[in-house]
Each structure stands twice: as C-alpha cells, then as structure tokens.
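Visitor: I've got a new model open and I'd like to learn how to read its pockets and its sheet. Can you walk me through?

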Amino acid sequence: MLISNAPVFFARLHPAHPNPTFNPERPTWELQIRTYDAKQAAEWTKAGLGVKNIMPEEGEPYWRVNLRKHSIKSDGTPADPVKVVDGKLRPISPEVGIGNESVANIRIYQYEYEDKVSKKKKMGNVLMAVQLTRLIPYVPKPRDDDFAETDFVNEGADMTGGESPTPMEDADY
C-alpha cells in the first residue's frame with residue numbers, strides 16, 4: 001500500500017539505531033503520520049491502518065497512525081532497514097534527521113492475522129520505505145541545563161591516550 005503526501009512526525013529511521021523503548025529484544029524503526037482531514041482519516045481506517053483521533057489541549061484536532069518495522073524478524077534474523085529516498089529516488093543519508101512536519105510518501109506492507117485474544121481477523125502493517133517530498137531537517141534544541149563554553153587549563157594530564165599532554169581540540173570522539 002502507498003500512502004501519499006503524509007506529514008511525518010517522530011521519525012526514527014537510522015538503520016543502526018532502531019528504537020528499543022517499547023521492545024528491547026526487537027527494536028523498531030518507526031514514524032507517525034498525521035492528517036487534519038476527516039475524509040483522509042476515514043480512508044486510512046478503511047485501508048486497515050490503526051487510526052487514532054487526537055484532541056490536543058492546544059491546537060487543532062488530528063488523526064494519527066504509528067507505523068513500525070522490527071529490526072529483528074520473529075525468527076531472530078536481522079531485518080532490512082526502512083528504505084529512505086528523496087523525490088528523485090536518491091538514497092538519503094541516515095545521518096540526516098527527519099524533522100516533524102516533513103512530508104513523505106510511505107510504502108507499507110499489509111498482512112492479515114488472527115488476534116490471539118479476541119480471535120478476530122486484523123490487519124498488520126509494516127513500514128517498508130519512505131520517499132521524502134519535503135524535508136524539514138531535525139535540529140535538536142539546546143538543553144536549558146547544558147554546559148557553556150569556558151576556559152580550560154590542562155596541568156599536563158594526558159587526556160588523549162597519546163604521549164603528549166595536549167588539549168583534545170582535534171580529537172575525533
């Protein structure tokens with residue numbers, strides 16, 4: 001299934017850094033798509049996506065869908081990472097952070113399964129690929145309690161692991 005022109009939020013797609021928060025044994029690559037259009041939300045629901053209606057305290061109500069792909073398959077083998085390309089189908093570096101409100105076309109794999117508890121047939125969705133059509137780079141905000149630059153005096157301690165007692169100005173860490 002292809003989802004077109006969806007605003008993207010909370011993208012975690014770096015191949016080497018899937019999110020272990022919800023399942024440390026099987027971390028996931030993930031993102032959230034949103035719409036403010038009830039008609040679009042109804043289409044997503046009809047297509048078997050897990051649509052949730054969100055009523056924020058501030059701002060306009062919206063509908064969201066969280067899409068994931070496990071980095072480890074159920075048989076324990078590594079899964080291929082989510083493919084991320086630009087509008088010209090060129091791969092995008094995993095180091096490029098995808099910021100909230102970027103816009104993308106999303107390809108998902110859908111499959112039917114039986115829920116173990118309710119015994120009802122349900123639709124499973126796996127995030128497969130992302131084609132960014134509008135990239136808003138993710139830039140982390142500085143912390144309020146972060147360090148500020150200050151004077152530094154080294155009284156001869158070796159901080160580089162090398163032989164000379166020099167500051168780490170050129171160190172790669």
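Guide: Sure, and keep in mind that this is a predicted model. Let's begin with the largest pocket: strands E4, E6 (102–114) and E7 (121–134) each supply at least two residues of its lining.

Visitor: Which strand gives the most to that lining?

Guide: E4 does, with seven residues.

Visitor: How do people find such a space to begin with?

Guide: The general idea is that rolling a probe the size of a water molecule over the atoms shows where empty space is left. In this case, the largest pocket holds about 620 Å³ of space. It is lined by 24 residues, and those closest to its centre are Arg-68, His-70, Tyr-111, Asn-125 and Val-126.

Visitor: What classes of residue make up the lining of the largest pocket?

Guide: You'll find 10 nonpolar residues there, along with seven polar and seven charged ones.

Visitor: And how much space lies in the second largest pocket?

Guide: About 460 Å³. Its lining has 22 residues, with Arg-12, Leu-13, His-14, Pro-94 and Val-96 the closest to the centre. The elements giving two or more residues to this lining are E1 and E5, and E1 gives the most, with three. By class, the second largest pocket is lined by 12 nonpolar, six polar and four charged residues.

Visitor: Those strand names keep coming up. How should I read the sheet itself?

Guide: Start with the principle: strands of a sheet pair through backbone hydrogen bonds, either parallel or antiparallel. Here, seven strands form an open sheet with mixed pairing, in the order E3-E4-E2-E1-E6-E7-E5.

Visitor: Why is one side of E3 and of E5 left without a neighbour in the sheet?

Guide: Strands E3 (52–54) and E5 (83–85) stand at the edges and have a single partner strand each, so one side of each has no neighbour in the sheet. As for twist, neighbouring strands are turned by 45° against each other on average, with direction ignored.

Visitor: Can we zoom in on one pair? In which sense do E1 and E2 pair, parallel or antiparallel?

Guide: Antiparallel: E1 (residues 2–12) and E2 (residues 28–35) pair that way over three bridges. Take Arg-12 as an example; its bridge partner in E2 is Glu-30. You've met Arg-12 already, among the residues closest to the centre of the second largest pocket.

Visitor: Which helix packs on the sheet, and what does it touch?

Guide: That's helix H1 (residues 38–46), which touches E1, E2 and E4 (62–70). The direction of H1 makes about 140° with that of E2.

Conventions:
Residues are numbered from 1 along each chain as its sequence is written. This is a predicted model: local features need pLDDT of at least 70, side-chain atom pairs count only at pLDDT 80 or more; totals for chains, interfaces and linings use all residues. Side-chain values use heavy atoms; hydrogens and water are left out. Two strands pair if DSSP finds at least two bridges between them. Helices (H or I, at least four residues) and strands (E, at least two) are DSSP runs, numbered from the N terminus. Axes are lines fitted to C-alpha atoms, for helices over the stretch in contact, and angles run from 0 to 180 degrees between N-to-C directions. Contact means heavy atoms within 4.5 Å. On a 1 Å grid over the protein atoms alone, a cavity is a set of points where a 1.4 Å probe fits but cannot get out, and a pocket is an open set with protein on both sides within 12 Å along at least five of seven lines; lining residues have an atom within 4 Å of a point. Grid points are joined across faces, edges and corners, and a volume is the space filled by probe spheres set on the points. Ala, Val, Leu, Ile, Met, Phe, Trp, Tyr, Cys and Pro count as nonpolar, Asp, Glu, Lys and Arg as charged, and the others, Gly among them, as polar.
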